[in-house]
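User: I would like a close look at one part of this chain, set against the rest of the fold. Please take the structure below as the basis.

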Amino acid sequence: MGKRYFCDYCDRSFQDNLHNRKKHLNGVQHLRAKRVWYDLFRDAAAILQEEQTKKPCRKFLQTGQCDFGSNCRFSHMTEQDLEKLSAQVQGESSSKEMSRGLLGGGVVQPVISHWLHRASRAQIPPASQCCVSL
């Protein structure tokens, strides 16, 4: 039967040859599936910024459904969804600031030379004192 190519984005397989693979990789279904996959890993700030620039989808707000789905150029987020996303972004940014402050936002972080200097000043007992003889 020959080699088969499996596309993880589209969850389908087909005979692997140059023509079929090019046709699939440039197809609308594959490009949409790939975009949806990568959108899962976007950070909340990017999603919020994009959704705030879009106008609300009238059809989605009226019926709760849209024929275009994830390909719609209008926003499918309600005001409550946008508020939750905004709160999440603020929480993430404050936690980043806190971690940045703890790790050295203005505080000099110790470097290896500083650590070696402190280790050389430490009193290390001779081997006869620190080991138990049997």
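In which helix is the place of E51? Please also describe its surroundings and then place this residue within the chain.

Analyst: The model is a predicted one, and what follows should be read in that light. E51 belongs to helix α3, which covers residues 44-53. Its relative accessibility is 13%, and because buried means under 20%, E51 counts as buried. Once residues up to four places away in sequence are set aside, E51 touches S75, H76, M77 and L82.

The annotation adds a further frame for this residue. In an unreviewed entry, UniProt lists residues 51-79 as "domain: C3H1-type", and the annotation "zinc finger region: C3H1-type", likewise from an unreviewed entry, covers residues 51-79. In the model, the C-alpha atoms at the two ends of residues 51-79 lie 11 Å apart, and the span is 34% helix and 0% strand.

C66 is a further residue to consider, and it is buried, because its relative accessible area of 17% is under 20%. The closest cysteine sulfur to that of C66 belongs to C72 and lies 3.8 Å away, which is too far for a bond, because a disulfide needs sulfur atoms within 2.5 Å. By this rule the count of disulfides comes to zero. C7 is likewise in no disulfide, the nearest cysteine sulfur being that of C10, 3.7 Å away. With a relative accessible area of 2%, C7 is buried.

The strands offer a second setting. Y5 lies in strand β1, and, leaving aside neighbours within four places in sequence, Y5 is in contact with R12, S13, F14, D16, R21 and L25. For one of these partners, D16, the separation from Y5 is 11 residues in sequence, while the C-alpha to C-alpha distance is 5.0 Å. The loop between β1 (4-7) and β2 (12-15) contains D11, which has a positive phi of about 60° although it is not a glycine. D11 is exposed, since its relative accessible area of 59% is over 50%.

Turning to the surface, W37, Y38, L40 and F41 form a nonpolar patch, and together they have about 500 Å² of accessible area. Within this patch, Y38 lies in helix α2, residues 28-39, and with a relative accessible area of 47% Y38 is partly exposed.

Finally, the chain as a whole gives the context for E51. There are seven helices and two strands, and from the N terminus on the elements run β-β-α-α-α-α-α-α-α. Of the 134 residues of the chain, 13% count as buried, and E51 is itself a residue that counts as buried. The accessible surface of the chain comes to about 11,500 Å², with 55% of it belonging to carbon and sulfur atoms. Among contacts between residues at least 6 apart in sequence, 30% join residues at least 24 apart.

Terms used. Residues are numbered from 1 along each chain as its sequence is written. This is a predicted model: local features need pLDDT of at least 70, side-chain atom pairs count only at pLDDT 80 or more; totals for chains, interfaces and linings use all residues. Side-chain values use heavy atoms; hydrogens and water are left out. Helices (H or I, at least four residues) and strands (E, at least two) are DSSP runs, numbered from the N terminus. Buried means under 20% relative accessible area, exposed over 50%, partly exposed in between (1.4 Å probe, protein chains only). Contact means heavy atoms within 4.5 Å. Accessible areas come from the Shrake-Rupley method with a 1.4 Å probe; for residues, only the protein chains shown count as cover. UniProt positions are given in the numbering used here, feature names are shortened, and annotations may be inferred rather than shown by experiment. Patches are made of residues with over 30% relative accessible area and no salt bridge: like charges are joined within 9 Å, nonpolar side chains (Val, Leu, Ile, Met, Phe, Trp, Tyr) within 5 Å. A salt bridge is a side-chain nitrogen of Lys or Arg within 4 Å of a carboxyl oxygen of Asp or Glu.
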